[in-house]
Amino acid sequence: MKSFSESYKAAGVDITAGYKAVDLMKEHIAKTKTSGVISGIGGFGGLFGLDLSGIKNPVLVSGTDGVGTKLKMAFLMDKHDTVGIDCVAMCVNDIICCGAKPLFFLDYIAVGKNVPEKVASIVSGVADGCVQSGCALIGGETAEMPGFYPEDEYDLAGFSVGIADKDKLLDNSAVKEGDVIIGLKSSGVHSNGFSLVRKIFDVENKDIKTPLEFLGGKSIGETLLAPTKIYVKPMCALFEKVTVKAVSHITGGGFYENIPRSIPKGYGAKIDKNALEILPIFTLLQKEGNIPERDMFNTFNMGIGMSVIVDKNDADKSLEILNANGADAYIIGETVKSDESVKIC
């Protein structure tokens, strides 16, 4: 018999709604199961067995993040089945920048009111993200917090743990002049810069649901909700066959903040602006917000969600592997000796 408290329900917390939400989640969680999963959901902790075959010096690599104010778009569009992909992506894409493979993921959902079907929809997105990245959803938490969040709003965050061989961890020490910088296309704005995005488009007061030809027949709302692309599988395929020197996840801070993290002191990234395939949503944002070009590249991914540095002799092979695994990659620049960390020209 499941517990029930009439007094707690009167205070705004419905325990039975939590039970129903868990029941609805189960089918989504089941599809993320991998060989390492030991425990089912419902325990005090998620259990995962490590397969250390082929790994001499195992190192665990962790990443944590949330979806940020992009969630406001989900509220406005009343669409909740993709933001979970964003949550997973923001964690696992960071992990692979270290050369690690994600193993498992846990989520945290805080709601003003627990509507089981909505919570299950959110978790369905989390599960989709886990399937895309090959990691298992082994646990999580749903907290009903009346009076703290509005009834129709929620927050979503999570964390992931991956594994790598210590000898194969990526740093930027091997980067030299003349290395090639490969860009992996983004699916849109991803999950960063939405405080500025929402201000520019005035999303709470203006029409964001009418399809626009400029955006390929999609509305502003649909375009902004496009989930963050997950790069785990193409990058893991690349790690197996090419010596990757450094990787950067292009998130908040755009090119100017993230690419320098993969380049040693004394070197810089020379980015060919003419090579970049800037997505229409960024052109619209810049126009509507009258944003200087540098600010655009210092806030948004501009169509590149991840950058990869390889030796120029490995460039063609790298592109072949990445594109064969769905990354949609192309060369965007090279490394140069410079005191300027990023130069877009």
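## Internal cavity

The structure holds 1 cavity of 30 Å³ or more. The model is a predicted one. Rolling a probe the size of a water molecule over the atoms shows where empty space is left. In the largest cavity, that space amounts to about 50 Å³.

The wall of the largest cavity is formed by Val111, Gly112, Lys113, Val115, Lys118, Val119, Ile122, Glu151, Asp152, Glu153 and Tyr154. Helix 5, which spans residues 116–133, is the element that gives the most to this lining, with 3 residues. By class, the lining of the largest cavity has 5 nonpolar, 1 polar and 5 charged residues.

## Largest pocket

The largest pocket encloses about 950 Å³ of space. Its lining comprises 37 residues, and those that lie nearest the centre of the pocket are Gly99, Ala100, Lys101, Ile163 and Ala164.

Three elements each supply at least two residues of the lining of the largest pocket: strand 2 (101–111), strand 4 (154–165) and helix 8 (232–241). Helix 8 gives the most, with 6 residues. The lining of the largest pocket divides into 18 nonpolar, 10 polar and 9 charged residues.

## Second largest pocket

About 730 Å³ of space lies in the second largest pocket. This pocket is lined by 28 residues, and Val22, Gly42, Gly140, Glu141 and Thr142 are the ones that lie nearest its centre.

At least two lining residues of the second largest pocket come from each of helix 2 (15–30), strand 2 and strand 3 (136–144). Strand 2 thus supplies residues to the lining of the second largest pocket and also to that of the largest pocket. By class, the lining of the second largest pocket has 14 nonpolar, 10 polar and 4 charged residues.

## Overall fold and dimensions

The protein has 12 helices and 10 strands. Along the principal axes, its C-alpha atoms fill a box of roughly 70 × 55 × 30 Å. The radius of gyration of the protein is 21 Å, which agrees with the value near 20 Å that a compact globule of 345 residues would have.

Of the 345 residues, 49% count as buried. The protein exposes about 16100 Å², and carbon and sulfur atoms supply 51% of that area. Among contacts between residues at least 6 apart in sequence, 84% join residues at least 24 apart.

## Surroundings of Met90

Met90 lies in helix 4, which covers residues 83–96. Met90 counts as buried because its relative accessible area is 1%, under the 20% cut-off for that class.

Leaving aside neighbours within four places in sequence, Met90 is in contact with Asp65, Gly66, Ser191, Asn192, Thr228, His249 and Thr251. One of these partners, His249, is 159 residues from Met90 in sequence, yet the two C-alpha atoms are 8.9 Å apart in space.

Note on methods:
Residues are numbered from 1 along each chain as its sequence is written. This is a predicted model: local features need pLDDT of at least 70, side-chain atom pairs count only at pLDDT 80 or more; totals for chains, interfaces and linings use all residues. Side-chain values use heavy atoms; hydrogens and water are left out. On a 1 Å grid over the protein atoms alone, a cavity is a set of points where a 1.4 Å probe fits but cannot get out, and a pocket is an open set with protein on both sides within 12 Å along at least five of seven lines; lining residues have an atom within 4 Å of a point. Grid points are joined across faces, edges and corners, and a volume is the space filled by probe spheres set on the points. Helices (H or I, at least four residues) and strands (E, at least two) are DSSP runs, numbered from the N terminus. Ala, Val, Leu, Ile, Met, Phe, Trp, Tyr, Cys and Pro count as nonpolar, Asp, Glu, Lys and Arg as charged, and the others, Gly among them, as polar. The radius of gyration is taken over C-alpha atoms; the globule rule is 2.2 Å times the number of residues to the power 0.38. Buried means under 20% relative accessible area, exposed over 50%, partly exposed in between (1.4 Å probe, protein chains only). Contact means heavy atoms within 4.5 Å. Accessible areas come from the Shrake-Rupley method with a 1.4 Å probe; for residues, only the protein chains shown count as cover.
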